[in-house]
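Please work through the following exercises with the sequence and the model at hand. Each task is followed by a stepwise solution.

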Amino acid sequence: MAAALAFGVAVELVFVVIALMQSPGVGWGEAVQRFFERYPIDANHYIRIARYGYSADNAAFSNQELMIVFFPLYPLLLRMINPFGSFPWYLCGMLLQLVLFPVGAGLYYRLAYRLLGPERAGWALAFLMALPGSFFFLVPMSDSLLLLLGSAFFLLLLEGRALTAGICGFLAAFCRSPGALLTGAAGALYLSVLLCRKDRFHLRWLLPVLGPIGGLGAYLALNLAVYGDPFRFSFYQASHWGQRLGLFWNTILYHGQNFMIWMNDNPQLAFWLCLWAVGTLVVGLVALIPGRRLPACMQLYGLAYYAFTNGVTWLLSAPRYALNNPAISMGFACLPRGVRYVVWALLAIAWTAFFVAFLQGLPIF
């Protein structure tokens with residue numbers, strides 16, 4: 001947890017210093033707000049939801065109806081700690097991340113320790129922070145919250161604490177759509193217990209299985225309450241962002257094709273969006289292979305998470321989505337020791353390039 005806190009403080013100090021340099025003569029809160037508003041990232045949407053909520057009629061700002069595609073738990077948490085808006089919203093979000101990320105990383109380390117032992121657990125955490133885009137854990141978005149809830153869910157599930165695992169599963173699915181996939185992980189674990197250990201069925205097992213379904217149901221109920229349509233979010237995802245469910249190999253194909261098309265006309269978009277997306281998908285798939293040391297329920301979740309988050313018709317944030325797939329960073333930790341050093345060094349170089357590009361305002365989402 002101390003390493004994660006140090007990492008978080010270092011990243012956020014960079015954000016604050018650059019924000020103050022870009023906006024001299026203004027307060028910290030205003031400078032940080034201007035800093036993040038320069039970038040086309042989801043932090044601006046989460047802040048607006050925390051401030052104004054959801055609406056079908058654009059009551060507070062333009063395109064407010066589109067905000068329903070962002071799940072409500074993170075902005076709700078942000079609103080709870082800043083109920084009157086008396087503290088600058090972006091600074092509040094950054095401070096919240098300095099709590100969520102170290103706690104989430106600590107739980108992630110405990111999970112890796114339980115599954116892989118002390119040495120590989122340290123490596124798993126090191127790989128998590130070295131993944132290109134891990135600085136997004138410190139941006140006011142839901143990535144750190146999902147890391148915390150997903151890690152807590154698996155820890156509690158493996159410890160047999162069904163009630164609290166079910167609650168974490170509910171919250172994870174109310175935080176981000178991949179959280180609903182946790183229901184399959186719980187089902188796979190209990191099915192293996194029934195078939196391999198010949199244990200009898202326990203009614204409490206339904207809690208971790210149904211918890212994520214309940215969280216997704218609560219989100220659909222929010223859509224229904226605001227728009228009268230439980231699936232209104234999918235309409236906006238398709239019409240505004242061009243995102244529909246697809247197959248991940250098609251994602252590799254169209255990003256490869258777009259790279260060739262844009263290489264001359266828009267080289268920045270070709271490189272930082274298309275090429276990095278293809279690289280992330282290929283490297284992520286390779287990282288899942290050594291992850292066969294993990295329990296079957298986590299392997300299944302890793303594969304499902306990979307296919308679900310990458311299998312869309314217009315993928316913008318592949319490196320960021322990969323952060324919350326535990327089978328990737330833990331898979332790297334399962335590599336032979338000598339290979340680990342090489343892979344970590346390459347990831348660290350890629351992380352630095354990605355971070356510098358983000359700070360320069362290049363198309364990184």
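**Exercise 1: A residue at the surface**

Leucine 206 is located in helix α10, residues 206-227; helices are DSSP runs (H or I, at least four residues) numbered from the N terminus. The model is predicted, so local features need pLDDT of at least 70 and side-chain atom pairs pLDDT 80 or more, while totals for chains, interfaces and linings use all residues. Residues are numbered from 1 along each chain as its sequence is written, and side-chain values use heavy atoms, with hydrogens and water left out.

Task: Determine whether leucine 206 is buried or exposed, or in between.

Solution. Step 1: buried means under 20% relative accessible area, exposed over 50%, and partly exposed in between (1.4 Å probe, protein chains only). Step 2: leucine 206 has a relative accessible area of 34% and is therefore partly exposed.

**Exercise 2: Helix α6**

Task: State which residues of α6 are buried, and which helices they pack against.

Solution. Step 1: α6 has 13 residues. Step 2: its buried residues are Ala121, Trp123, Ala124, Leu125, Phe127, Leu128, Met129 and Ala130. Step 3: these pack against α1, α5, α7 (143-158), α16 (326-333) and α17.

**Exercise 3: Phenylalanine 36**

Task: Identify the contacts of phenylalanine 36 beyond its neighbours within four places in sequence.

Solution. Step 1: contact means heavy atoms within 4.5 Å. Step 2: phenylalanine 36 is in contact with Phe15, Ile41, Asn44, Tyr90, Met94, Val139 and Pro140. Step 3: in α1, Phe15 is among the buried residues.

Technical notes
Helix = DSSP H or I, 4+ residues; strand = E, 2+ residues; numbered from the N terminus. Expected span 1.5 Å × (residues − 1).
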